[in-house]
Amino acid sequence: MKKRGVNSRSDMGPAVYVVGVISDTHGLLRPDVAAAFADVALILHAGDVGGAKVLELLAAIAPVEAVYGNVDDPHDPSLARERVVTLGGVTIHVSHGHELGRPTAELVLARYRGDVVIFGHTHRAVVVHEAGGRIAFNPGAAGPRRFDLKPSVARLTITAGDPPAIGVAIISLA
């Protein structure tokens, strides 16, 4: 007989964590970000936030962890130089990337520890899977359109397990 409020192992699926990843908003939060992040449990901002209003609007969607970029105030208490978050057994490292000059996925994987390494700064969306299973990605820039690049964000999905499954989807914004 099953007790009320107690889940047996047979009826519980693996834990799934969905994270919204955004960068380079430069003070602009596009309205379609809310739809892209509708069911996320956490939002990670990889820098060049461009003001507290962006963080306030994102926090209305889900909890936010943010780092500062080269246009942000490094003394802002809501922004850190880097963030490390662990979800479903997966360690995620977030930094803006400007500290590396011209960051690439290969450079951030060499510099930082983590199963997933997230960076911004270049405004170019990219996802690189390393042979050892590590992933580096840049969600692209979500703010004002620059460099003839389409604005974008990303969704990171982690399914706990041994090993955990990790998926990254880049989402183009209007």
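Me: How many positive and negative side chains does the protein chain have, and how far apart do the centres of the two sets lie?

Reply: One counts each kind of charge and then compares the centres of the two sets. In this predicted model, the protein chain carries 17 positive and 17 negative side chains. The centres of these two sets are 5 Å apart.

Me: How much of the chain does the predictor treat with confidence, and where is pLDDT under 50?

Reply: Where pLDDT is low, the predicted coordinates should not be read in detail. For the protein chain the mean pLDDT is 92, and 93% of the residues reach 70 or more. Residues 1–10 are the stretch to read with caution, since pLDDT stays under 50 there. For residues 1–10 the model has four contacts beyond four places in sequence.

Me: Which helices and strands does the protein chain have, and what pattern do they follow along the sequence?

Reply: One counts the elements, and then reads their order. The protein chain contains three helices and 11 strands. Along the sequence, their order is β-α-β-α-β-β-β-β-α-β-β-β-β-β.

Me: What does the radius of gyration say about the protein chain?

Reply: The value is set against the one expected for a compact globule with the given number of residues. For 174 residues that expectation is near 16 Å, and the protein chain has 17 Å, which agrees. Taken along the principal axes, the C-alpha atoms fill a box of roughly 60 × 35 × 30 Å.

Me: How many of the residues count as buried, and what does the accessible surface consist of?

Reply: Here one reads a share of residues and a share of area separately. Of the 174 residues, 43% count as buried. The accessible surface of the protein chain comes to about 8,900 Å², and carbon and sulfur atoms contribute 54% of that area. Contacts add another view: among those with a separation of 6 or more, 45% are between residues 24 or more positions apart.

Me: Which peptide bond is cis, and where is it found?

Reply: Most residues other than glycine have a negative phi, and most peptide bonds are trans. The cis bond here joins Asp 162 and Pro 163, with omega about 5°. Pro 163 belongs to the loop between strand S10 (152–159) and strand S11 (165–172).

Me: What is the phi of Asp 24, and is the residue buried or exposed?

Reply: Phi of Asp 24 is near 50°, a positive value in a residue other than glycine. Asp 24 sits in the loop between strand S1 (16–22) and helix H1 (32–36). Asp 24 counts as buried because its relative accessible area is 0%, under the 20% cut-off.

Me: What is the phi of His 121, and where does the residue lie?

Reply: His 121 has a phi near 75°, again positive in a residue other than glycine. The residue lies in the loop between strand S7 (116–118) and strand S8 (126–129). His 121 has 23% relative accessibility, so it counts as partly exposed.

Me: Which residues does Thr 122 contact in that loop?

Reply: Thr 122 also lies in the loop between S7 and S8. Neighbours within four places in sequence are left aside, and the contacts are then Pro 103, Asn 138 and Leu 149. Thr 122 is partly exposed, with a relative accessible area of 26%. Thr 122 and His 96 are 26 residues apart in sequence, and their C-alpha atoms are 9.3 Å apart.

Me: Where is Val 49, and what does the residue touch?

Reply: One compares separation in sequence with distance in space. Val 49 is in the loop between strand S2 (42–45) and helix H2 (52–59), and with a relative accessible area of 1% it is buried. Not counting residues up to four places away in sequence, Val 49 touches several residues, among them Thr 25, His 26, Gly 27 and Leu 79. Asp 72 is another of the residues touched; Val 49 and Asp 72 are 23 residues apart in sequence and 6.6 Å apart in space, C-alpha to C-alpha.

Me: How far is Val 71 from Val 49, and which residues is Val 71 in contact with?

Reply: Val 71 and Val 49 are 22 residues apart in sequence and 7.8 Å apart in space, C-alpha to C-alpha. Val 71 is placed in the loop between strand S3 (64–67) and strand S4 (79–80). At 46% relative accessibility, Val 71 is partly exposed. Beyond neighbours within four places in sequence, Val 71 is in contact with His 26 and Asp 48.

Technical notes
Residues are numbered from 1 along each chain as its sequence is written. This is a predicted model: local features need pLDDT of at least 70, side-chain atom pairs count only at pLDDT 80 or more; totals for chains, interfaces and linings use all residues. Side-chain values use heavy atoms; hydrogens and water are left out. pLDDT is the predictor's confidence in each residue, from 0 to 100. Contact means heavy atoms within 4.5 Å. Helices (H or I, at least four residues) and strands (E, at least two) are DSSP runs, numbered from the N terminus. The radius of gyration is taken over C-alpha atoms; the globule rule is 2.2 Å times the number of residues to the power 0.38. Buried means under 20% relative accessible area, exposed over 50%, partly exposed in between (1.4 Å probe, protein chains only). Accessible areas come from the Shrake-Rupley method with a 1.4 Å probe; for residues, only the protein chains shown count as cover. Lys and Arg count as positive and Asp and Glu as negative; His and the chain ends are not counted. The place of a charge is taken as NZ of Lys, CZ of Arg, CG of Asp or CD of Glu.
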